[in-house]
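Please look over the protein shown here and follow the report below, which moves from its sheet to a single histidine and then to its pockets and overall make-up.

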Amino acid sequence: LTPFGRRRNHLIFLSRHKRMANPGHDLLPLIMTTVVVVIVSLVLVLEQSLEQEQDEQLQRLVASISLAVRRRSRDDGDGDDGGAPKRRKFICYDRKRTRDAIMMDYLGDNPIFDSKRFQRMFRISRKVYDQVKIISQASDPFFNRPEFDVTGRLNICNDAKIMIALKHLAFGVATFSWLDYFQMGESTARESVERLCDVITKSDELQAIFLRSYSKEDAKRVSNLHQFHHGAPGLLGSLDCMHVRWKNCPVALQGAYQGKEKCSTIVLEAVADHNLFFWHTAFGFAGSCNDINILDASPLHTSFVNGAHAKVDFEFSLNGRIFSKPYYLVDGIYPKLSRFAKTISVPLSRAERNYATWQEAARKDVERAFGVLQSKWRLLASPIKKWDEIRIQKMVMACIIMHNMMVEERLDGGGFPSDGGGYFIDINVEVTDDGPVADEAEERVGEMEAEVAIDRHHDPRESFEIDRIRYLTHTQLVVHERWARLYNEFEHFRLQQALSEHLLL
């Protein structure tokens with residue numbers, strides 16, 4: 001080889017020898033790059049974790065400061081904790097002062113406010129209050145607590161619980177308005193109202209007397225009462241409806257409970273006599289219903305059809321005409337039933353004008369009863385701030401029961417439950433048998449069959465009617481006949497004409 005070739009080979013040998021002596025020489029840049037990338041990534045991750053930790057520390061600091069501020073504002077009584085657990089502030093009520101004040105003002109031997117002022121305060125007399133108190137203490141232990149509890153601390157006065165409930169019903173304002181006098185918590189005051197209404201409405205003793213339907217003796221006595229005041233026999237009372245405003249009606253129900261009043265209402269259907277005693281009450285109908293819809297779903301209409309109302313029927317005479325069904329006065333929207341006496345919208349003769357004037361004046365009995373009920377229990381005249389319809393129903397029925405108790409006391413001279421006066425007549429009237437009604441229906445079928453047998457060219461609809469009635473059950477026959485008698489317009493106009501002639505005498 002030439003010297004130049006030998007030198008080149010020597011250089012190649014040296015380079016190969018170096019590579020074999022230092023094999024990582026070519027990987028060093030790659031390794032250095034990888035190390036740099038890892039270091040940079042670790043630095044970034046560390047910085048991010050430090051930022052998150054700082055954010056969490058900052059959030060915990062802000063939450064602790066906010067909680068401390070809310071606790072401070074809650075303790076000072078000028079803020080709300082926004083859903084955090086509340087700690088009730090203990091109020092040491094002076095319950096002994098309440099007991100002494102109630103005895104000094106109302107229930108003592110020589111009270112400051114006499115019985116007349118007591119009735120103006122609580123809308124019921126002392127005798128009715130004592131009766132309500134006895135029933136409440138016997139029915140619910142909430143109103144019969146001992147004077148001291150197990151720790152020796154004075155309990156809330158039982159009379160205070162009843163009185164604050166009566167004031168809430170009488171004035172229609174929140175129970176919070178009288179906490180300073182009765183010295184009890186707001187939740188206890190609301191519970192007192194609910195429990196008292198529940199006791200009154202569920203009392204069998206009160207329902208049997210003050211929410212009962214007519215007996216035959218009651219019907220005759222009310223008919224004589226109206227004959228004395230209105231001059232016509234057979235009248236059992238006036239029927240009408242009253243709306244009670246429901247302020248806190250849920251949004252989902254407002255479409256059904258908003259009617260012509262443009263606000264959510266619940267309807268009360270009632271029958272009242274001249275003495276303002278309610279003989280029939282049905283509460284809970286949606287405000288969008290009119291009087292006809294309410295009558296169709298009313299227990300009164302059901303009693304007309306199922307025969308329960310027939311047990312109070314009796315005969316009476318109007319201008320020489322005999323009637324066997326007592327009647328009610330209604331306004332113009334009601335249907336022309338045989339048990340209803342409506343006014344004449346366009347009277348032509350003197351007798352019709354006289355009858356229309358009499359009917360519209362006598363029907364004001366139920367309007368007066370609604371007016372007295374709302375003026376006595378202002379809760380019914382103001383928007384009721386309850387969410388539950390069942391609670392509203394109990395409050396309304398409790399007011400009606402206590403209203404009837406006061407009417408009975410006014411008529412009976414204060415006797416309870418009965419000393420022979422007023423409306424307290426306990427007579428067991430046997431329910432009339434449905435046999436005669438069914439027999440008359442069957443007789444009508446027999447007459448129609450005889451007519452078909454005589455006249456071969458009969459109307460095919462009569463044959464269909466015979467077949468339809470023949471296959472009805474006994475109960476259906478009875479209901480069919482009662483329905484035909486109830487919706488008999490001829491009997492309705494016959495009653496109107498008899499009343500018109502009778503009032504002219």
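## The open sheet

In this predicted model, five strands form an open sheet in the order 3-2-1-6-7, and the pairing between them is mixed. The edges of the sheet are strand 3, residues 278–286, and strand 7, residues 340–341, each of which pairs on one side only.

Strand 2, which covers residues 265–272, pairs with strand 3 in the antiparallel sense, and seven bridges join the two. Within this part of the sheet, Val271 stands opposite His280 of strand 3.

## Helices across the sheet

Helix 13, made up of residues 299–306, lies across strand 1 (235–245), strand 2, strand 3, strand 6 (327–329) and strand 7. Its direction makes an angle of about 115 degrees with that of strand 3.

Helix 16, residues 389–412, lies across strand 2 and strand 3, and runs at about 165 degrees to strand 3. Strand 3, an edge strand of the sheet, is therefore in contact with helix 13 and also with helix 16.

## His492 and its surroundings

His492 belongs to helix 20, which spans residues 489–504. Is His492 buried or exposed? Its relative accessibility is 1%, and because buried means under 20%, His492 counts as buried.

The side chain of His492 reaches the backbone oxygen of Leu337 at a distance of 3.1 Å. Leaving aside residues up to four places away in sequence, His492 touches Lys336, Leu337, Ser338, Phe340, Ala341 and Lys342. Leu337 thus appears both as the partner of the side chain through its backbone oxygen and among the residues that His492 touches, while residues 340–341, which are also touched by His492, make up strand 7 at an edge of the sheet.

## The largest pocket

How much space lies in the largest pocket? The volume comes to about 500 Å³, and 16 residues line this pocket, the closest to its centre being Lys89, Ile91, Tyr93, Gly185 and Glu186. Helix 8, residues 186–202, supplies the largest share of the lining, with four residues.

## The protein as a whole

The secondary structure of the protein consists of 20 helices and seven strands, and of its 505 residues, 42% count as buried. Among contacts with a separation of 6 or more, 66% are between residues 24 or more positions apart.

Note on methods:
Residues numbered from 1 in each chain as written. Predicted model: local features only at pLDDT ≥ 70, side-chain atom pairs only at ≥ 80, totals over all residues. Heavy atoms only, no water. Pairing = 2+ DSSP bridges. Contact = heavy atoms within 4.5 Å. Axes fitted to C-alpha atoms, helices over the stretch in contact; angles between N-to-C directions. Buried < 20%, exposed > 50% of the residue type's maximum accessible area, 1.4 Å probe, protein only. Polar contact = N/O pair within 3.5 Å; in protein donor to acceptor, adjacent residues only side chain to side chain. 1 Å grid on protein atoms, 1.4 Å probe; cavity = no way out; pocket = protein on both sides within 12 Å on 5 of 7 lines; lining within 4 Å. Points joined across faces, edges and corners; volume = space filled by probe spheres on them.
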